[in-house]
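I opened a notebook on this structure to write down what I looked up, one entry at a time. Each entry keeps to what I could read from the model in front of me.

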Amino acid sequence: MRIFALALLLIAVLGSEAGAAERITNFVTEANVSRDASVTFKETISVIAEGSSIRHGIFRDIPTRYRDRNGFNANVGLDVLKVRRDGYDEPYSVESIANGKRIKIGNADALVDPGPHTYEITYRATRVLGFFDQYDELYWNVTGNAWPFPIAEAQAIINLPPGASITQHAEYTGAEGEQGRQYEVLAGTGNRYRARTTAALRPGEGFTVAVAWPKGFVAAPSESERWQWFLGDNAPVIVLVIGLIIVGFYYFYAWLRVGRDPPAGIIVPLFAPPPGLGPAAVRYVWREKFDDRTFAAAVVGLAVKGRVRIVDDGGDFIIEKHTGAKGEALTHA
């Protein structure tokens with residue numbers, strides 16, 4: 001029993017090591033730049049399958065959504081032309097992912113035999129070239145950074161249109177944002193560029209190249225085409241901004257029509273007691289008691305209504321009943 005258990009443990013360990021051995025032995029991307037500004041890519045990906053990550057086939061994730069130099073959305077056009085495995089056509093499908101397209105290669109009803117296999121992916125991309133004042137450029141992540149296993153070696157081959165020649169180039173290895181220098185340039189003049197990595201790329205790392213050439217060999221997009229792309233790529237944001245502007249103008253117009261306060265006129269203070277209450281009653285309500293001012297208010301109120309007269313007698317005041325006079329009707333108090 002112990003021998004049997006040790007045998008099972010050994011098989012499990014060897015199986016896990018075999019799964020960990022899955023890798024890309026060689027990743028070659030050849031790009032042909034056309035005069036119409038499209039680029040045709042052929043990727044030759046040699047793998048070792050062990051039934052771990054590579055069971056029915058492989059995924060190839062290609063970023064097609066990014067931000068341009070001004071921070072606006074931009075989309076790359078992608079058209080898959082052909083997919084093959086070991087020299088034969090292979091089933092595939094294309095689906096959208098967060099930042100681009102995923103090419104799912106393989107048959108869901110069939111497993112890939114363990115061992116070496118070579119996948120070929122050919123696709124045509126548009127809107128991948130950069131058009132600058134002094135030069136045009138292809139900036140491309142050769143391998144992508146989404147592979148879950150290492151890449152022993154990656155190569156990039158770029159063929160420019162006839163007559164064009166390379167003016168400058170740059171290369172980077174490593175994870176996204178890194179600028180590693182583990183590469184060598186095998187050809188960097190004329191119209192054919194070639195470079196390869198000099199160290200294995202770990203899972204999540206990639207190989208990126210940038211090649212520039214003089215203007216005039218590739219048709220640059222017109223201003224109308226640029227505007228069409230911009231509107232198509234940023235339509236949701238544009239609709240939102242236009243909607244906010246329209247709503248803002250509507251509320252401003254409504255405020256001008258009915259929302260503003262009327263112009264202020266001359267303010268005239270008017271004082272009058274509540275109906276049915278005289279000055280003394282109002283004083284009493286306010287103070288909640290009788291006092292001297294309550295009495296004074298009652299006398300002045302009677303004088304105002306013509307019922308009494310207040311006579312100044314050398315500094316003293318005499319209150320006389322005003323007989324025969326008909327004044328205002330008396331209110332309470």
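Entry one. I began with a pair of residues across two strands, and in this predicted model I found that Glu 95 stands opposite Arg 102, a residue of strand 9. Looking at the strands themselves, I noted that strand 8 and strand 9, the latter covering residues 100-106, run antiparallel and are joined by six bridges.

Entry two. I then looked up the sheet to which these strands belong, and it turned out to be an open sheet of three strands, in the order 3-9-8, with antiparallel pairing. Its edges are strand 3, residues 57-63, and strand 8, residues 92-97, since each of these pairs on one side only. I also wrote down that neighbouring strands of this sheet are turned against each other by 20° on average, with direction ignored.

Entry three. What does the side chain of Arg 102 meet in a polar contact of 2.7 Å? I found that the partner is the side chain of Asp 61, a residue placed in strand 3. I checked how covered Asp 61 is, and because its relative accessible area is 16%, under the 20% cut-off, Asp 61 counts as buried.

Entry four. Next I turned to the second largest pocket, which holds about 370 Å³ of space. Its lining is made of 24 residues, and those nearest its centre are Ser 53, Gly 57, Ile 58, Phe 59 and Ile 105. The three strands of the sheet come back here, as strand 3, strand 8 and strand 9 each supply at least two residues of this lining, and strand 3 gives the most, with five residues. Sorting the lining of this pocket by class, I recorded 11 nonpolar, eight polar and five charged residues.

Entry five. How many cavities of 30 Å³ or more does a search of the whole structure find? The search gives one, and the largest cavity has a volume of about 50 Å³. Among the residues lining the largest cavity I listed Thr 29, Phe 41, Trp 140, Ile 157 and Val 209. By class, this lining has nine nonpolar residues, one polar residue and no charged residues. Strand 1 (23-33), strand 12 (135-141) and strand 13 (154-159) each supply at least two residues of the lining of the largest cavity, and strand 13 gives the most, with three.

Entry six. I went on to strand 2, residues 39-49, and found that this strand is mostly covered, with eight of its 11 residues buried. Strand 1 and strand 2 run antiparallel and are joined by 10 bridges, and within this pairing Asn 32 has Thr 40 of strand 2 as its bridge partner. The hairpin of strand 1 and strand 2 has five residues between the strands, and there Ala 37 takes a positive phi near 80°. Strand 2 is also joined to strand 10, residues 115-126, by 11 bridges, again in an antiparallel run, and I noted Ala 49 opposite Gly 115 in strand 10.

Entry seven. Last, I looked at the loop between strand 12 and strand 13, where Pro 150 has its place. Is Pro 150 buried or partly exposed? With a relative accessible area of 30%, Pro 150 is partly exposed. I also noted that Pro 150 and Glu 22 are 128 residues apart in sequence, while their C-alpha atoms are 8.1 Å apart in space.

Technical notes: Residues are numbered from 1 along each chain as its sequence is written. This is a predicted model: local features need pLDDT of at least 70, side-chain atom pairs count only at pLDDT 80 or more; totals for chains, interfaces and linings use all residues. Side-chain values use heavy atoms; hydrogens and water are left out. Two strands pair if DSSP finds at least two bridges between them. Helices (H or I, at least four residues) and strands (E, at least two) are DSSP runs, numbered from the N terminus. Axes are lines fitted to C-alpha atoms, for helices over the stretch in contact, and angles run from 0 to 180 degrees between N-to-C directions. On a 1 Å grid over the protein atoms alone, a cavity is a set of points where a 1.4 Å probe fits but cannot get out, and a pocket is an open set with protein on both sides within 12 Å along at least five of seven lines; lining residues have an atom within 4 Å of a point. Grid points are joined across faces, edges and corners, and a volume is the space filled by probe spheres set on the points. Ala, Val, Leu, Ile, Met, Phe, Trp, Tyr, Cys and Pro count as nonpolar, Asp, Glu, Lys and Arg as charged, and the others, Gly among them, as polar. Buried means under 20% relative accessible area, exposed over 50%, partly exposed in between (1.4 Å probe, protein chains only). A polar contact is a pair of N or O atoms within 3.5 Å; within protein, one must be able to donate a hydrogen and the other to accept it, and residues adjacent in sequence count only if both atoms are side-chain atoms.
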